[in-house]
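User: Could you take one part of this structure and walk me through it slowly, as you would for someone new to reading models? I would like to understand the place where the metal is held.

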Amino acid sequence: MKTLFVAILVCSASIVTAEVTITIDHNGSSSASREFKFGRVPSPSKDDAASRAKLTLVAGNIDTTSGGLAVLNDGALPSTEDDPGANLFFKADTWGGRILIDLGRMIDVAQINTYSWHRGRRAPQLYYVYASEGTSAEFNESPGTKIDPTARGWKKIAFVDTRPDRNRGGQYGVSITDPTGSLGHYRYLLFDVFETESDDVYGNTFFSEIDVTERK
Ligand SMILES: [Ca+2]
Ligand SMILES: [Ca+2]
């Protein structure tokens, strides 16, 4: 009976994930600008639900030449295609890391948007994003890498991999939405970020901004 129950849970989770829409836009070096203008994905916002969020490193090592977690929700954008101080990226030759975003209160999440910019192969994005109300008894706010977040009160929202079609430099805008207009009501987001290649030591994405849009 227990096995059957688990199987049903796994099945329903994958159906929910399949309904999420992931929109990936890319600007090559000739069309990339400081404004981060894309065909479909909205430009980064200075005033979104993540602007006032608290960001915490859960796992991984942030590169000391990066701007650190603070640049992910400051509304500021890199001025060039190689602006380390205006991006968050993990240390060279490491797998990536986990980042917790505490929105401070439960909101109806309409969009999760992530932005990156680099002239070379540190531009593509590869991550899982999980979300949680943070109210269940098993909820673990900062699950380490040996812990499956879905076993600790988190729901997998999306797996983003921009590489199959666009594994090259430039500017990326990714928008995660749901046809219903709502991804759900959540207070916490967890980004599980991975290096996009290991051919050389520089495989970690230059993340310029993460926006979370509240449904009005
Ligand atoms: Ca923002
Ligand atoms: Ca920023």
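Analyst:

**A close look at the calcium site**

Ser45 is partly exposed, with a relative accessible area of 23%, and this residue is a good place to start in what is a predicted model. Ser45 is one of the residues that coordinate the calcium ion (ligand 1), and it does so through its O atom. The other donors are the OD of Asp48, the OE of Glu209 and the OD of Asp211, and the distances run from 2.3 to 2.4 Å.

How are these donors spaced along the chain? They follow the pattern S-x2-D-x160-E-x1-D. Ser45 sits in the loop between strand E1 (21-27) and strand E2 (54-60), while Glu209 belongs to strand E8 (residues 207-214), so this pair ties together parts of the chain that are 164 residues apart in sequence.

Is Glu209 buried or exposed? With a relative accessibility of 0%, Glu209 counts as buried, because the cut-off for that word is under 20% relative accessible area. Ser45, at 23%, is instead partly exposed.

Ile210, another residue of strand E8, is buried as well, with a relative accessible area of 4%. Setting aside its neighbours within four places in sequence, Ile210 is in contact with Asp48, Ala50, Leu72, Ile101, Asn113, Thr114 and Phe191. Asp48 in that list is also a donor to the calcium ion (ligand 1). Thr180, by comparison, is 30 residues from Ile210 along the chain, and the C-alpha atoms of the two are separated by 22 Å.

It helps to set this site within the whole protein. There are 1 helix and 8 strands, and from the N terminus on they run α-β-β-β-β-β-β-β-β. The radius of gyration is 17 Å, close to the 17 Å that the globule rule gives for 216 residues, so the protein is as compact as a globular protein of that length. Its C-alpha atoms fill a box of roughly 55 × 40 × 30 Å along the principal axes, and 50% of the 216 residues count as buried.

The link between Ser45 and Glu209 across 164 residues can be read beside a figure for the protein as a whole: among contacts between residues at least 6 apart in sequence, 81% join residues at least 24 apart. As for charge, the protein has 23 positive and 28 negative side chains, and the centres of the two sets lie 2 Å apart.

Terms used. Residues are numbered from 1 along each chain as its sequence is written. Chains are lettered from A and ligands numbered from 1 in the order in which they are written. This is a predicted model: local features need pLDDT of at least 70, side-chain atom pairs count only at pLDDT 80 or more; totals for chains, interfaces and linings use all residues. Side-chain values use heavy atoms; hydrogens and water are left out. Helices (H or I, at least four residues) and strands (E, at least two) are DSSP runs, numbered from the N terminus. The radius of gyration is taken over C-alpha atoms; the globule rule is 2.2 Å times the number of residues to the power 0.38. Buried means under 20% relative accessible area, exposed over 50%, partly exposed in between (1.4 Å probe, protein chains only). Contact means heavy atoms within 4.5 Å. Lys and Arg count as positive and Asp and Glu as negative; His and the chain ends are not counted. The place of a charge is taken as NZ of Lys, CZ of Arg, CG of Asp or CD of Glu. Donors are N, O and S atoms within 2.8 Å of the metal (3.2 Å for Na, K and Ca); water is not among the atoms, so sites may look incomplete.
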